[in-house]
Amino acid sequence: MRVETALRQGLELLRDGAIGAPALTAELLLAHTLHRDRIYLLTHPEYELSELEWLHYGRFLHERLKGQPTQYITRTQEFWGRDFHVEKGVLIPRPETEHVIEQALALLAPARATDASDNQRVDAANTGLSTTTRVLDIGTGSGILAVTLALEAKARVCATEISPDALRIARANSARLGAQVDFVQCDLGAAFADSTFDLIVSNPPYIASAEIDALQREVREWEPRAALDGGPDGFAVYRRLIPDAARLLRPGGWLILEIGATQGESVPGLLGPGWRACSVTPDLAGLPRVAKAQWSP
């Protein structure tokens with residue numbers, strides 16, 4: 001069977017199965033089967049699949065039709081221009097989380113980054129941070145925030161994760177991509193002493209428990225519930241994380257949190273005395289996505 005025929009049949013199967021982005025999915029699965037990139041498929045439509053390649057492609061299509069996310073099948077997801085290994089047991093990185101990186105880099109390396117909220121340069125004198133800053137990523141998952149900041153800002157980065165499976169994946173991503181990150185298994189920042197960090201980033205679970213069953217099948221049946229479930233109202237982890245961040249940050253340090261699309265007022269409202277300069281940055285859809293505040297006791 002030729003590549004062009006395999007793509008056409010895959011597209012039809014996925015479309016009939018009501019799978020989103022069927023053409024793209026067919027291309028990704030076939031490229032994964034052939035250990036090639038998508039460009040190869042477009043430039044070599046005449047390539048004849050071997051029997052083994054056809055069998056693998058058919059299996060991948062079947063797994064996707066059962067609801068398994070494409071990223072778990074291909075075991076990869078791009079984030080900030082790099083391919084990260086993902087598998088069942090770790091949250092699949094979302095493009096929206098790149099807004100956390102934008103805000104962090106605006107503080108860590110203002111000469112090379114812009115504030116996504118107004119596209120203006122950030123004055124280094126106002127941040128109090130530099131590339132020697134100590135950074136903590138709480139709940140690192142696959143390591144996307146910690147690894148990206150270690151590579152982009154050359155900062156000293158630590159990362160915590162309570163899940164041993166996620167921690168294994170994060171460490172592997174860090175090693176493969178050449179990032180220097182210190183990983184620790186613990187709840188939130190429990191392993192660290194007071195006033196240790198200058199910047200804390202986190203993408204905590206923020207979906208209300210009752211809303212989990214209404215999520216897409218790919219999410220609710222495959223991705224780890226612990227990385228999604230934010231408790232009865234979605235704020236359970238924030239309520240513990242924010243006081244822990246206040247303990248861990250040095251005076252003048254910053255906290256950057258990913259938030260849900262309806263939490264633009266609620267999460268900042270959880271900040272107590274000692275927090276200042278709170279701001280909320282929208283994503284490309286105009287929805288609240290990142291909350292940022294400075295610890296100034």
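**Exercise 1. Describe the surroundings of Asp244, starting from its side chain, and decide whether this residue is buried or exposed.**

In this predicted model, the side chain of Asp244 forms a polar contact with the side chain of Arg247, at a distance of 3.0 Å. As a next step, we place the residue in the fold: Asp244 belongs to helix H11, which covers residues 236-248. We then look beyond its neighbours within four places in sequence, and find that Asp244 is in contact with Leu188, Gly189 and Ala190. Finally, we turn to accessibility, where buried means under 20% relative accessible area. Asp244 has a relative accessibility of 13%, and therefore it counts as buried.

**Exercise 2. Find out how many cavities of 30 Å³ or more the structure holds, and work out which residues line the largest cavity.**

A general idea comes first: when a probe the size of a water molecule is rolled over the atoms, it shows where empty space is left. For this structure, the count is one cavity of 30 Å³ or more, and the largest cavity encloses about 40 Å³ of space. Its lining is made up of Leu255, Leu257, Val267, Leu271, Cys278, Ala291, Lys292 and Ala293.

**Exercise 3. Sort the lining of the largest cavity by residue class, and state which strand gives the most to it.**

Sorting by class, we obtain seven nonpolar residues, no polar ones and one charged residue. Turning to the strands, S9 (249-258) and S11 (288-295) each supply at least two residues of this lining. The strand that gives the most is S11, with three residues.

Definitions and conventions: Residues numbered from 1 in each chain as written. Predicted model: local features only at pLDDT ≥ 70, side-chain atom pairs only at ≥ 80, totals over all residues. Heavy atoms only, no water. 1 Å grid on protein atoms, 1.4 Å probe; cavity = no way out; pocket = protein on both sides within 12 Å on 5 of 7 lines; lining within 4 Å. Points joined across faces, edges and corners; volume = space filled by probe spheres on them. Helix = DSSP H or I, 4+ residues; strand = E, 2+ residues; numbered from the N terminus. Nonpolar A, V, L, I, M, F, W, Y, C, P; charged D, E, K, R; others polar. Buried < 20%, exposed > 50% of the residue type's maximum accessible area, 1.4 Å probe, protein only. Polar contact = N/O pair within 3.5 Å; in protein donor to acceptor, adjacent residues only side chain to side chain. Contact = heavy atoms within 4.5 Å.
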